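Student: I have a protein model open and I would like to learn how to read it. Could you walk me through it, one feature at a time?

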Amino acid sequence: MKNPFVYGEAVTGENFSNRKEELCEITRDLEDCERIFLISPRRYGKTSLIMNALENLRTKGLYTVYIDLYKATSIQKLLEIYASEIVRAVESKLERMFNFLKKTLPGLRPKITIQPDGSATIGIEHFPTESDTLRFLDEIYELPQKLAEKKNKNFIIVFDEFQEIRNFNGESIEKAMRASFQHHSKVGYLFAGSKRHILYDMVANPSKAFYKMGRVITLNKIPRLEFSEFLRQAFERTEFTLEEGAVHKILDLVNDCPYNAQFLCHKLWDVYFDVKKIRTNDIEPTLNLILTENTPFYLSIWDGLSMHQRRLLHSIANLGGDHIFSQEFIASGDLGSSSTIQTSLRLLIKKQVLDKEKDIYFVTDVFFKEWIRRKI
Ligand SMILES: Nc1ncnc2c1ncn2[C@@H]1O[C@H](COP(=O)(O)OP(=O)(O)OP(=O)(O)O)[C@@H](O)[C@H]1O
Ligand SMILES: [Mg+2]
């Protein structure tokens with residue numbers, strides 16, 4: 001029997017706890033060719049929600065393209081992925097894709113690569129240098145609108161981890177994108193990411209290229225009622241029984257974070273597979289087991305932090321992150337001046353170790369927080 005709890009990858013189908021409202025809203029807006037920013041802290045379920053929305057949109061007969069900017073190590077690579085994914089959405093046959101790309105973007109030479117698993121993919125041979133690339137930007141950005149017009153079928157394009165665009169050649173790429181995208185009447189765009197300070201700055205700062213470029217949807221945690229029911233059903237579907245209150249104990253411990261909840265449930269399912277029963281008292285020891293197993297990983301993060309950052313993190317993990325500048329908090333960790341604290345906060349947020357919501361700082365990964373509380 002297969003463990004029904006999936007973590008560390010986007011979840012779809014029966015592994016996806018149905019975020020009905022968000023799914024409906026996003027599907028509708030994209031279908032109307034709007035532009036949306038989908039923003040949340042890490043691992044709340046953005047990519048999963050996107051994958052389910054794209055599935056709906058494909059079923060409705062639209063072309064869909066998903067681009068993960070973490071996979072693009074340069075602007076040339078991004079454009080290569082972008083152009084080939086757009087063509088792939090329209091043409092499924094490799095040879096036709098090849099000819100199509102040659103015809104629509106004559107300046108670029110397509111190439112077919114055979115992967116180690118024997119499958120073939122299409123890419124672009126000899127992408128121009130970075131300065132030449134800018135000449136191709138407009139042509140490539142216009143591609144989905146042109147194709148949508150030609151084929152009379154709208155396009156939906158998702159850029160996941162969109163904040164990474166900032167790592168390429170700065171403003172000119174963003175400006176060219178904006179100039180192009182804002183005229184597209186037959187393409188819906190979704191920009192998602194978890195580096196929230198960067199993304200909010202992109203949309204809310206009048207001096208930035210993406211200012212007011214789209215509506216912002218902030219993804220929250222899955223409501224407790226819905227998520228606890230989803231987890232309970234997954235246990236029961238696989239013949240487990242749960243002691244009263246067990247699921248709530250799990251969600252309390254992981255502070256309702258979807259990723260950590262699935263991780264803890266996955267482990268509980270493995271550890272208690274023989275007895276097929278989860279008691280409330282089993283949950284803490286299983287969390288401890290996860291923390292012990294993950295110690296090398298947490299230690300490597302810890303090792304990369306300065307002494308001040310460690311003290312600050314220790315205080316936030318133990319006292320919470322809402323009164324960071326109070327005398328009591330500063331004294332608890334010997335944290336020094338507020339400017340030193342500001343610097344550490346900024347760097348910890350940049351590393352995505354910390355995050356901030358409504359002026360309250362929190363450790364992004366609740367397991368890491370528990371590891372700091374219990375093991376440091
Ligand atoms: N709707 C959902 N139903 C069930 N589990 C979910 C759901 N959304 C997220 N999860 C859990 O959280 C994990 C992370 O989800 P996902 O990768 O979609 O989040 P993300 O916000 O894109 O993360 P990141 O910020 O790292 O890109 C999933 O592997 C799954 O375990
Ligand atoms: Mg994601």
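Tutor: Here is a short tour, from the whole chain down to single residues. Keep in mind that this is a predicted model.

Student: Let's begin with the whole chain. How many helices and strands come up in its secondary structure?

Tutor: Counting these elements is a good way to start. The chain has 16 helices and 11 strands. Its radius of gyration is 23 Å, close to the 21 Å that the globule rule gives for 376 residues, so the chain is as compact as a globular protein of that length. Along the principal axes, the C-alpha atoms fill a box of roughly 65 × 55 × 40 Å.

Student: And what share of the contacts joins residues far along the sequence, 24 or more positions apart?

Tutor: For this we look at contacts with a separation of 6 or more. Of those, 70% are between residues 24 or more positions apart. A single pair can illustrate the idea: Gly245 and Thr280 are 35 residues apart in sequence, yet 6.9 Å apart in space, C-alpha to C-alpha. Another pair, Ser92 and Ser300, is 208 residues apart in sequence and 43 Å apart in space.

Student: Into which domains is the chain divided?

Tutor: There are domain 1 (18–218), domain 2 (224–293) and domain 3 (306–375). Take domains 2 and 3 as a worked case. Their centres, taken over C-alpha atoms, are separated by 28 Å. Where they touch, 7 residues of domain 2 are in contact with 6 residues of domain 3. On the domain 2 side, helix H11 (residues 280–293) gives the most, with 3 residues. That side divides into 5 nonpolar, 2 polar and no charged residues.

Student: Now the inside. What tends to happen to nonpolar side chains in soluble globular proteins?

Tutor: They tend to be buried together. In this chain, buried residues make up 34% of the 376. The largest nonpolar core has 53 residues, and Ala83, Phe155, Ile156, Ile157, Val158 and Leu190 touch the most other members. Helix H3 (residues 75–90) provides the largest share of this core, 7 residues. A second, separate core of 37 residues includes Val247, Val254, Ile283 and Val366.

Student: Which residues does Leu190 touch, leaving out those up to four places away in sequence?

Tutor: Leu190 touches Leu30, Ile36, Leu38, Ile50 and Val158. Try finding each of them in the viewer.

Student: What about Ser92 and Gly245: why do they count as exposed?

Tutor: We count C-beta neighbours inside 10 Å, and a residue is exposed if there are 12 or fewer. Ser92 has 8, so it counts as exposed. Gly245 has 12, so Gly245 counts as exposed too. As for their places, Ser92 is in the loop between H3 and helix H4 (94–104), while Gly245 lies in the loop between strand S8 (241–242) and helix H9 (246–253).

Student: Last one: which residues come nearest to ligand 1?

Tutor: A good habit is to look at the shell of residues around a ligand. Here there are 22 around ligand 1, and Ser17, Gly45, Thr47, Ser48 and Gln262 come nearest. The elements giving two or more residues to this shell are helix H2 (46–59) and helix H10 (258–271). By type, the shell divides into 9 nonpolar, 8 polar and 5 charged residues. It draws at least three residues from each of domain 1 and domain 2.

Definitions and conventions: Residues are numbered from 1 along each chain as its sequence is written. Chains are lettered from A and ligands numbered from 1 in the order in which they are written. This is a predicted model: local features need pLDDT of at least 70, side-chain atom pairs count only at pLDDT 80 or more; totals for chains, interfaces and linings use all residues. A residue is near a molecule or strand if its C-beta atom, placed from the backbone, lies within 6 Å of it. Helices (H or I, at least four residues) and strands (E, at least two) are DSSP runs, numbered from the N terminus. Ala, Val, Leu, Ile, Met, Phe, Trp, Tyr, Cys and Pro count as nonpolar, Asp, Glu, Lys and Arg as charged, and the others, Gly among them, as polar. Domain bounds come from an automatic or database domain assignment. A nonpolar core is a set of buried Ala, Val, Leu, Ile, Met, Phe, Trp, Tyr and Cys residues joined through C-beta atoms within 7 Å. A residue is buried if 20 or more other C-beta atoms lie within 10 Å of its own, exposed if 12 or fewer, and partly exposed in between; C-beta atoms are placed from the backbone. Two residues are in contact if their C-beta atoms, placed from the backbone, lie within 7 Å. The radius of gyration is taken over C-alpha atoms; the globule rule is 2.2 Å times the number of residues to the power 0.38.
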